[in-house]
Each structure stands twice: as structure tokens, then as C-alpha cells.
Amino acid sequence: MRSLFAALFIAVLTTSCGGGGDGEEIVIRTALDAPVAGSAMLKVRPNRQGWAGMADTLRRLTDYTVPHRRLLLSADGKAVTGQWQPPAGWSLVDFTVHPSGELTAVLAGDKAIRLVRLTEQGAVLAQTDFFDPAASTDPFIGDVFYIRDGSAMVPHATRDAVRIAAVGEQLAMALRTGRNAVVAYRLTHGAGGYRTSWRTLVEPGVPIGSVFITEGTFDPFGGLENQWRLAMDVDAQGRMAIAVLINRTNLAEGHAEHFGEFISPNVTGGAILTVVSERGERSPATVIQATRRPEIHAVKWMGDKVVVGGRIFTETRDDGTGWDGLVVVADPYLRTLRPMQALDVDRGDVVFDFAVTPGGQLLAVGATGYTQNPGGASISEFSAPLATLLDADGKFVRRLVLASGPRQNQVRSVAAWNGRWIAAGMQNGPGTHSGDEDNALIRADGYIRAFDSAP
């Protein structure tokens, strides 16, 4: 089978398997490149003939809890034709695109959440200050000392703890509250903005431990706040799949106590995957056990199965190459997992997003070729873009070698688009210590790129 990804800047690319293997030439089919100087691109989604993307101005560790993001919009799919940024005091956290071409952006403040409905060109149609009074009374399992503000709609450690997805012209939303609970919502859109159709508790509130590094000024993969975030995807039926990290929490025992679902006391790390139906009915959760410092960055529906991605520390190596991409395919209705895949392409690896190919395989994107302090959190300034084709069980099929820029390279998002693939990412980004002496080095150059399928 020919590869499903072709790159932009050179006439022919050669794919290779992790650790070597026979190559395969891929002929270029298109040449779309929308550069974004000075900002990383974290997400891209198709919008009819155009697209919408989320740009992120990178920031020092002292400011990492408050994202500095804006929307970039393209009506023709060739270049940025408009942009939108949140008002002062608010952070853009996530966005989604509706079939009508309208967008919804979710903003977070220190305590509050706001939903903004936008035209395809970025004009504000309506906004809703979202508040859920039930969030302040959701169960909390553990020492209440860890609750900083139980009335807040976001946790104290980061605003980046809300995810949204379009369900037609309506909205699915999952978030972590100030009580550290995880809640799913279905919201309907009308003349008065958004209204809650249903809410479902996904996880009770539990204590979550913070993690810091003793040296360094930047967090290349967002690992220091990963335990506060969640990953979410919605399928065409409106079903939500939500994954949250167990590490640095007592979520395993809190989940078991509240829902009465047995989780082995030996589970000290990994993630919990939960499916919520289109009617708000929660299915029993599936536990992904991974004890060695996993991170969860991506969730994607694949038929009735769900694939979860991120990275995992597999081996302590003196050269700092012990991190691999994490890929797990789950059958959430049977609560079973395919064998966990540690994606080892080149030195360190991380998976940030997936797309499902027409043939039922997976396209995984992220970063590769980095090193990390084997006893700490310092990540090298250099990494290469990662794109790999996986089979339906998440097993490695082939690497797709993409053009690489200077310093840190990451492919953060990928989606199908008009018979092609469209990706968001960055090059010329910093490592953990790039800005220690010069703050100007905490920057990146983002891009939106489109790729044709090879024959």
C-alpha cells in the first residue's frame, strides 16, 4: 500500500521504518504552506474550502498557566484571510468548526468560562458566560486541602483544561472544574447563545499534585500540566470519548469509590478512558495502565474503538533516548485494550494527534528525534517532525519523513481536508533551556500545510 502522506517542500520523499528498513518514494501532489512567524500552530480544522487554526505565543514557565492564543482563519484554504483573539483577561483554550462554517471558541479566565460563536470570517455572533452551579457540589474524594476554589469552572493550575467539539450546530464540551472533577456537557445553540442540554460527571474531584523543574524556562510538550488537562473526541453520532491521566493523582481510588468500578490498587499510573453517549449516558470506564511517567495528548474515535496517544518513559538510558510515543487502541464497550504500542521511531517520540485514513488505518503525528534528561524533565532544543502510518491495532507500519526546519519541530494537529491532509505545527521552537539566558529564544515559527494522498 502506498503511503497516505506526502510532503510539500521537496519533489520526492523517502519513508523509513523505525530503526531502518526499505524506503518508498512519495511523489508530491500539492503545495500549500501558510507560515505563521513567531507563533506555534497547535490545531487546525477544515472549514468548507478553507480552514481555521489556533496560534500560540510561547511563554516562559512562570507564565505557562495562562495561554496566549488566537484564531487564524482562511476562507480560500490558501492563506490567512482573518484572525480573532480574545478580549483582555481571557485566554483562548480551544475551538471547533460547525457544518455551517460558523465557529465556537471557548475562553477561560482565572475562574470563569465563556463560549463565543463566530462567523467564518471571525465576527462575533453571540457569547455565553458559562456557569454550572452543580460543579461546586460535585463529589471530591480525598483531602479538601487541594481545593483552591470550589466554585471555579477551571482548576487553579491551568486554564488549559477545557475541550470542545461540534455536534452539528450544537456543542460537546468536557472540562475539569475547580474541584478537579471532570464533567461532560451537551450544549444547544439558539438566539440566546448556548444552553445546557445535559451534564454528566465523568470523574469525581480528587487531589492532583503539581510538578516543577528546578532549572529551565520552557516546557516543550506541556508535560508539567498534563495531569490537569483532558483529551476528548466526538464521533459522528455525538458520542464523547474522554481520557484523563492517573499520574500524580489518586484518581484510581477516587473513581473506584465513587462509581463502584473496581480498579486494581496496583494501578498507580496511566489513564482512564470514558465514553459518554449522545444522550449523556456514561459507560463504565476503561483503565489504561502505564506506570512509567505517561502523558496523554490525543484521543480519536475509530469506528466503535478509541485510540489514545501521548508518550511514555520506557527505559532509563544515559543518552536521554528512553521516551517513546504511546499508542493504545481500546474497545470501550468491552473495556478491553489491544496491546499497548511504544512507538520508537528515532530517539525520543511523542504523539500529539491522530487521523483515521479511508482504509481504516491511523495517521499519527507528533515529534521525534529529541532527547531528555533521563532523571529529569529537560528536553533538547532539537526535535524532528513525526508522521507515521499505523495499522488498526496501533502497530507501526511506516514512517513518513517530513521536511524539517531548525531547532524544535512538532506536528501538533492533523485532519482530513478536501481529499487531502491538513496539518498544523511548528519549527524553530525552543527546548527546555533555550531561553535561560535569552528570553527571545522562547519563540517558534508555525505553519499550516496541506498534503495530498499518494496513489
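Rings of Phe, Tyr and Trp pair if their centres lie within 6.5 Å, and planes over 60 degrees apart count as edge-to-face. The exercises below use this predicted model.

**Exercise 1. How many aromatic pairs does the structure hold, and how is the pair of phenylalanine 130 and tyrosine 185 arranged?**

Solution.
- Start with the count: the structure holds five aromatic pairs.
- Take phenylalanine 130 and tyrosine 185. Their centres are 5.0 Å apart and their planes meet at 80°, an edge-to-face pair.
- Place the rings. Phenylalanine 130 belongs to strand β11 (residues 124-130) and tyrosine 185 to strand β14 (residues 182-190), so the pair ties together parts 55 residues apart in sequence.
- Check exposure against the cut-off: buried means under 20% relative accessible area. Phenylalanine 130 has 7% and is buried. Tyrosine 185 has 1% and is buried.

**Exercise 2. Which parts of the chain does the pair of phenylalanine 221 and phenylalanine 352 link?**

Solution.
- Geometry comes before location: this pair is edge-to-face, with 5.9 Å centre to centre and 65° between the planes.
- Phenylalanine 221 is in the loop between β15 (193-203) and β16 (231-234), while phenylalanine 352 is in strand β25 (residues 348-356). The two are 131 residues apart, so the pair links distant parts of the chain.
- Phenylalanine 221 is buried at 2% relative accessible area. Phenylalanine 352 is buried at 5%.
- Add Tyr370: with Phe221 and Phe352 it forms one aromatic cluster.

**Exercise 3. Which strands pair with β22, and over how many bridges?**

Solution.
- Strand β21 (residues 305-313) pairs with β22 in the antiparallel sense over eight bridges. Here valine 306 stands opposite alanine 330.
- Strand β24 (residues 341-343) is an antiparallel partner over three bridges. Glycine 325 faces leucine 343 there.
- Strand β23 (residues 336-337) is antiparallel to β22 over two bridges. Alanine 330 has leucine 337 as its bridge partner in β23.
- Look at the turn. β22 and β23 form a hairpin with four residues between them, and arginine 335 in the turn has a positive phi of about 60°.
- Finish with burial: nine of the nine residues of β22 (residues 323-331) are buried.

**Exercise 4. Why is one side of β3 and of β29 left without a neighbour in the sheet?**

Solution.
- Write the order: β3-β31-β30-β29, an open, antiparallel sheet of four strands.
- β3 (32-36) and β29 (408-417) stand at the edges with a single partner strand each, so one side of each has no neighbour in the sheet.
- The twist averages 15° from one strand to the next.
- Inside the order, β30 (residues 420-429) and β31 (residues 445-452) pair over eight bridges. Isoleucine 422 has alanine 450 in β31 as its bridge partner.

Conventions. Residues are numbered from 1 along each chain as its sequence is written. This is a predicted model: local features need pLDDT of at least 70, side-chain atom pairs count only at pLDDT 80 or more; totals for chains, interfaces and linings use all residues. Side-chain values use heavy atoms; hydrogens and water are left out. Two strands pair if DSSP finds at least two bridges between them. Axes are lines fitted to C-alpha atoms, for helices over the stretch in contact, and angles run from 0 to 180 degrees between N-to-C directions. Buried means under 20% relative accessible area, exposed over 50%, partly exposed in between (1.4 Å probe, protein chains only). Rings of Phe, Tyr and Trp (its six-membered ring) pair if their centres lie within 6.5 Å; planes under 30 degrees apart count as stacked, over 60 as edge-to-face and the rest as tilted.
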